[in-house]
Amino acid sequence: MFRGSIPALITPFTDGKLDEGALVDLVNWQIEEGSHGLVAVGTTGESPTLSHEEHERCVEVVVRTAAGRVPVIAGAGSNSTEESISLMRFAKKVGAAAALVVTPYYNKPNQRGLYHHYRTLHDAVDLPILIYNIPGRSVVDMTPATMGELAKLPRIVGVKDATGDITRVSDTRITCGADFLQLSGEDGSALGFNAHGGRGCISVVANVAPRLCAEFQEATLAGDYAKALDYQDRLMPLHRACFAEPNPCPVKYGMSLLGKCSEEVRSPLVTLEEATKERMRGAMRHAGLLN
C-alpha cells in the first residue's frame, strides 16, 4: 500500500490561518502529478505549531480530498502516549490509511519506554503504524533490535527512517524481515536507501517537485538505477536548498514561486533570507521547474 514518492505535505497559511482552499488544491495537484501517497500534518506540515483543532482539520481535509485515490498517512506523533492515542483515533475515524508516529521527543525514553509507547498505541487503535525515527529532532534513536520486537506486532508495519544512515536499512531487514516497510525520510539519500532495500520516500522536496520525485522513485523501484541517477543529478541541488534553512521554509518559498501557496510559516519559523531564496530559485531552474 505504501511505496514510492509520498510527500509530507506542507500546511498552507494565509494571514495566520489555515488556507483550506490551497490545501485542497495541493492534494489534487499532488495526485495529478503522480505522487503515490500523502502524509498529512507531519513535521513539514508544521505540526508543532498547529492547534489540535487545526491538526485534525488538516487530516480530515486531506483524507476527504484524496478520496481513496492514494493512501493518506496521518501524523499522530506526540511526546505523550495519550495524546498520540487521541490523534490516532481521529485519523481512524476519518479514514486515514495509517498513522505516522514519531519517537517521543524531549522526555527521552529509553528503548523499553519506546517499546511500551508503540505497543500501547498498537493495542489502543486498530490502525497501521509507521514508526518515524528521526534522532536529529527527537534526540532518541530507536535501535534495529527494538524495532524488530515491535515488527512482531501485526499493525506495526514499517518505518520512516530519517537517520540518514542508509546502512541502517540492512540492519533493519535483519531484525524486522524483508517485508517490513522501510521508507526514507531524507530526500538526498533516497537513491541509496532504496538500493539497500527501501521502498520509497516520505519526501519534503516532492512538495515542490512532485512529478520528478514520483518518476525518480518509479525508476528505483523498477531497478533502473541509471535512470534514477539522472533524476538524482537534476534534484540534488534542490534537496540541498530545501534544507538550507529550517524545513518547511525553503519548500514553501519554492511553492510560492509556482503559485501553489504563500511562503507564510508560523513562528518561531521565519521566511527565508534573500541568499536562500536565490539558492532555491537556482535549484528549481536546475531541476527544470522554473525558466
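## Thr65 in helix H2

In this predicted model, Thr65 has a relative accessibility of 11% and therefore counts as buried, the limit being under 20%. Thr65 is located in helix H2. Leaving out residues up to four places away in sequence, Thr65 touches Val24, Val27 and Asn28.

## Nonpolar cores

Helix H2, which spans residues 52-66, also supplies 6 residues to the largest nonpolar core, and this is the largest share of that core. The core as a whole comprises 44 residues. Those with the most contacts inside it are Val62, Met88, Val101, Tyr118, Ile131 and Ile156. In soluble globular proteins, nonpolar side chains tend to be buried together.

Val62 is in contact with Leu9, Leu23, Val27, Leu38, Ala40 and Val72, when neighbours within four places in sequence are set aside. Val27 thus appears among the contacts of Val62 and also among those of Thr65. Apart from the largest core lies another, made up of 32 residues. Its members include Ala190, Ala206, Val208 and Val265.

## Salt bridges between separate parts of the chain

The structure contains 14 salt bridges. In one of them, the side chain of Glu218 meets that of Arg3, with an N to O distance of 3.3 Å. Glu218 belongs to helix H9 (residues 210-221), whereas Arg3 lies in the segment before strand E1 (4-7), so this pair ties together parts that are 215 residues apart in sequence. Glu218 is partly exposed, with a relative accessible area of 35%. Arg3 is likewise partly exposed, at 33%.

Helix H2 takes part in a further salt bridge, through Arg57. The side chain of Arg57 meets that of Glu20 at 2.8 Å, N to O. Glu20 lies in helix H1 (residues 20-32), and the pair links distant parts of the chain, 37 residues apart. Both partners are partly exposed: the relative accessible area is 27% for Arg57 and 28% for Glu20.

## Salt bridges involving helix H12

Glu263 forms a salt bridge with Lys277, and their closest N and O atoms are 3.9 Å apart. Glu263 is found in the loop between helix H11 (249-257) and helix H12 (274-287), while Lys277 is in helix H12, so the pair ties together parts that are 14 residues apart in sequence. The two partners fall into separate accessibility classes. Glu263 is partly exposed, with a relative accessible area of 25%. Lys277, at 17%, is buried, because buried means under 20% relative accessible area.

A network of salt bridges links Glu274, Glu278, Arg281 and Arg285.

## Packing of helices H11 and H12

Helices H11 and H12 pack with their axes 10 Å apart, at an angle of about 60°. That angle makes H11 oblique to H12. The crossing of the two helices is right-handed.

On the H11 side, the contact is made by Pro250, Val251, Tyr253, Gly254 and Leu257. On the H12 side, it is made by Lys277, Met280, Arg281 and Met284. Two of these H12 residues have roles described above: Lys277 is the salt-bridge partner of Glu263, and Arg281 is part of the salt-bridge network with Glu274, Glu278 and Arg285.

Methods. Residues numbered from 1 in each chain as written. Predicted model: local features only at pLDDT ≥ 70, side-chain atom pairs only at ≥ 80, totals over all residues. Heavy atoms only, no water. Core = buried A, V, L, I, M, F, W, Y, C linked by side-chain atoms within 4.5 Å. Buried < 20%, exposed > 50% of the residue type's maximum accessible area, 1.4 Å probe, protein only. Helix = DSSP H or I, 4+ residues; strand = E, 2+ residues; numbered from the N terminus. Contact = heavy atoms within 4.5 Å. Salt bridge = Lys/Arg side-chain N within 4 Å of Asp/Glu carboxyl O. Axes fitted to C-alpha atoms, helices over the stretch in contact; angles between N-to-C directions. Parallel < 35°, antiparallel > 145°, perpendicular 65-115°, else oblique. Left-handed = near helix turned anticlockwise from the far one by under 90°.
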